[in-house]
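Notebook open. Today I'm looking up how the nonpolar side chains and aromatic rings sit together.

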Amino acid sequence: MRYVLAMHVVAVLALDGVVAFDLSVPGQVFGTTTTSGNAPLYEVRACTPPGGAETSPMLGRMRLETPFGLDSLAAADTIVVPGHEDVRAVPPAEVLDALRDAADRGARIASICVGAFVLAAAGLLDGRRATTHWSYAKALARRYPDVEVDPSVLYVDDGRTLTSAGVAAGIDLCLHIVRQDHGSATAARTARRIIMPPQRDGGQAQYIRHEDPPDDVAALQPTLAWLEANLHRPLTLDDIARHASVSVRTLTRRFREQAGTTPLRWLSRARVHRAQQLLETTDLPVERVATEAGFGSPVTLRAHFARSVGASPLAYRGAFRARTPSS
């Protein structure tokens, strides 16, 4: 059976001083997301206020003119606001009105880096949890006291409003949106195309301190690869530390330094991702999925799945397995 998918329109709002990298991220992620048959799933439109916009001077000023203006926000399913040069600048009133109108009609609105200041100026973050680049978090909280600013995470999904930290965290947020829309298999396929890890989650630490770059002996990659290959086993902290030939204390420290989370949290999230993949791509019963993903029992799987994904395994399978297109 072939499924006809409506094209999802993503509008990327470029204001004066827009950061070129942030502007390119939604196009790179959504623009390369396709079905298994290579059919595009998103249409990305760069939109500017009247008169166009200039990029930030990081690579020299560039003038940006597109065929899409603020009126295109009214037709967008998702709107992404990239970071811009001057967070102190008040966005034009017509920009704020367009964002409010889009939010009122139910559009999903996201920001990358200091784009959160624009969402806050429109009142879209009032009473909500949000994040931005760690070095601007205090300024965001000070200027908009009704926003609950979390400076420690990569991104925050607060329903129809999403915010992310700087630079690569915008990629993580866009992949998260793809995962929400089309499942983990599609998100993983997109991540492979843009050479990004598909499992950096919002709760991972935004800013990880390194006294020195880890050497080959201390690097976590061999341990992470071993964990991925052994998700089905009932692993403990002692098991992981034994494989890594370090103490539990050293293991925990390395995970926090290099992965921004704890070993068991990383393991739990990897198992949820494995369960998502199995639910999307196989007809295995939930009991078998729980075993293969390392949760041991359907009860444990359901608890972790609901906390991480916000749905039951069967509801997730019904949403993504049923609408997996053949082309």
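I looked for the largest nonpolar core (buried Ala, Val, Leu, Ile, Met, Phe, Trp, Tyr and Cys residues joined through side-chain atoms within 4.5 Å) and got 64 residues. Buried means under 20% relative accessible area, with a 1.4 Å probe and protein chains only. L13, V29, F30, L73, I79 and L99 have the most contacts inside this core. Its largest share, 7 residues, comes from helix α5 (residues 168-182). Helices here are DSSP runs of H or I, at least four residues, and strands are E runs of at least two, numbered from the N terminus.

A note on the source: this is a predicted model, where local features need pLDDT of at least 70 and side-chain atom pairs count only at pLDDT 80 or more, while totals for chains, interfaces and linings use all residues. Residues are numbered from 1 along each chain as its sequence is written, and side-chain values use heavy atoms, leaving out hydrogens and water.

Another core lies apart from the largest one; it has 15 residues, including L220 and I240.

Next I searched for aromatic pairs (ring centres of Phe, Tyr and Trp, its six-membered ring, within 6.5 Å; planes under 30 degrees apart are stacked, over 60 edge-to-face, the rest tilted) and found 3 in the whole structure. F30 and Y42 are tilted, because their planes stand at 55 degrees, with centres 4.9 Å apart. F30 is in helix α1 and Y42 in strand β2, so this pair ties together parts 12 residues apart in sequence. Both are buried.

I also noted Y316 and F320, which share helix α13 and form one cluster with F305.

How values were computed:
Buried < 20%, exposed > 50% of the residue type's maximum accessible area, 1.4 Å probe, protein only.
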